[in-house]
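Work through the exercises below with the sequence and the coordinates at hand. Each task is followed by a worked solution.

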Amino acid sequence: MADTSDTRTPAQIEADIKRRREVLAETLDEIGVRVHPKTIVGDARAKVVANIDHTVGRAYVQVNRVVSEVRAQLVDEEGAPRLERVVPVALVVAGVVGLLALGTRRRKG
């Protein structure tokens with residue numbers, strides 16, 4: 001059988017009870033803050049912002065990679081443009097812009 005005798009004095013028991021009440025009060029206050037609607041909304045917003053930041057960061061890395069690859073195709077190791085590749089790209093871009101301009105003029109007229 002377990003020994004159920006308590007060798008503490010009444011003052012020690014009261015001090016233990018007081019300490020436990022204080023700990024319980026702190027715990028209840030913390031729970032109250034955690035379940036408060038403003039805290040829940042704030043936590044949800046923080047998660048959404050973190051997800052958006054993560055997505056934007058990944059998109060930035062991907063765009064940066066694509067730009068680096070395109071730049072490597074259009075510029076040599078010394079930084080000079082590769083005319084054999086830049087001129088055709090410029091002609092294609094000019095042609096597309098010209099077609100878009102013509103298409104816009106025809107719709108307005």
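**Exercise 1. Locate V35 and decide whether it is buried or exposed.**

Solution. The model is a predicted one.
Step 1: V35 sits in the loop that joins helix 1 (10-34) to helix 2 (37-74).
Step 2: the relative accessibility of V35 is 54%, and the cut-off for exposed is over 50%.
Step 3: V35 therefore counts as exposed.
Step 4: V35 also belongs to a nonpolar surface patch of about 390 Å², made together with L28, I31 and I40.

**Exercise 2. Describe the secondary structure and the overall dimensions of the protein chain.**

Solution.
Step 1: the protein chain contains three helices and zero strands.
Step 2: read from the N terminus, the order of elements is α-α-α.
Step 3: along the principal axes, the C-alpha atoms occupy a box of roughly 95 × 45 × 25 Å.
Step 4: the radius of gyration of the protein chain is 35 Å, whereas a compact globule of 109 residues would have one near 13 Å.

**Exercise 3. What share of the residues is buried, and what supplies the exposed area?**

Solution.
Step 1: a residue is buried when its relative accessible area is under 20%.
Step 2: 1% of the 109 residues in the protein chain are buried.
Step 3: the exposed area comes to about 10,200 Å².
Step 4: carbon and sulfur atoms account for 62% of that area.

**Exercise 4. Place A90 in the chain and classify its exposure.**

Solution.
Step 1: A90 lies in helix 3, which covers residues 83-108.
Step 2: A90 has a relative accessible area of 43%, so A90 is partly exposed.
Step 3: take V41, which is 49 residues from A90 along the chain; the C-alpha atoms of these two residues are 51 Å apart.

**Exercise 5. Count the charged side chains and the salt bridges.**

Solution.
Step 1: the protein chain carries 18 positive and 15 negative side chains.
Step 2: the centres of the two sets are 15 Å apart.
Step 3: side chains of opposite charge can pair when their charged atoms come close.
Step 4: with a limit of 4 Å between nitrogen and carboxyl oxygen, the count is four salt bridges.

**Exercise 6. Analyse the salt bridge between D16 and R19.**

Solution.
Step 1: the closest N and O atoms of D16 and R19 are 2.3 Å apart.
Step 2: both residues lie in helix 1, three residues apart, or about one turn of the helix.
Step 3: D16, at 18% relative accessibility, counts as buried.
Step 4: R19, with a relative accessible area of 47%, is partly exposed.
Step 5: salt bridges link R8, D16 and R19 in a network.

**Exercise 7. How far apart along helix 1 are R34 and E30, and how exposed is each?**

Solution.
Step 1: R34 and E30 form a salt bridge, at 2.6 Å from N to O.
Step 2: the two are four residues apart in helix 1, so about one helical turn separates them.
Step 3: R34 is exposed, with a relative accessible area of 55%.
Step 4: E30 is partly exposed, at 43% relative accessibility.

**Exercise 8. Describe the salt bridge of E77 and the exposure of E77.**

Solution.
Step 1: the side chain of E77 meets that of R82 in a salt bridge, at 3.8 Å from N to O.
Step 2: this distance is within the 4 Å limit.
Step 3: E77 has 74% relative accessibility and therefore counts as exposed.

Note on methods
Residues numbered from 1 in each chain as written. Predicted model: local features only at pLDDT ≥ 70, side-chain atom pairs only at ≥ 80, totals over all residues. Heavy atoms only, no water. Rg over C-alpha atoms; globule rule 2.2 N^0.38 Å. Buried < 20%, exposed > 50% of the residue type's maximum accessible area, 1.4 Å probe, protein only. Areas by Shrake-Rupley, 256 points an atom, 1.4 Å probe, with all protein chains shown as cover. Lys, Arg positive; Asp, Glu negative; His and termini not counted. Charge placed at Lys NZ, Arg CZ, Asp CG, Glu CD. Patch = residues over 30% accessible without salt bridge, like charges linked within 9 Å, V, L, I, M, F, W, Y side chains within 5 Å.
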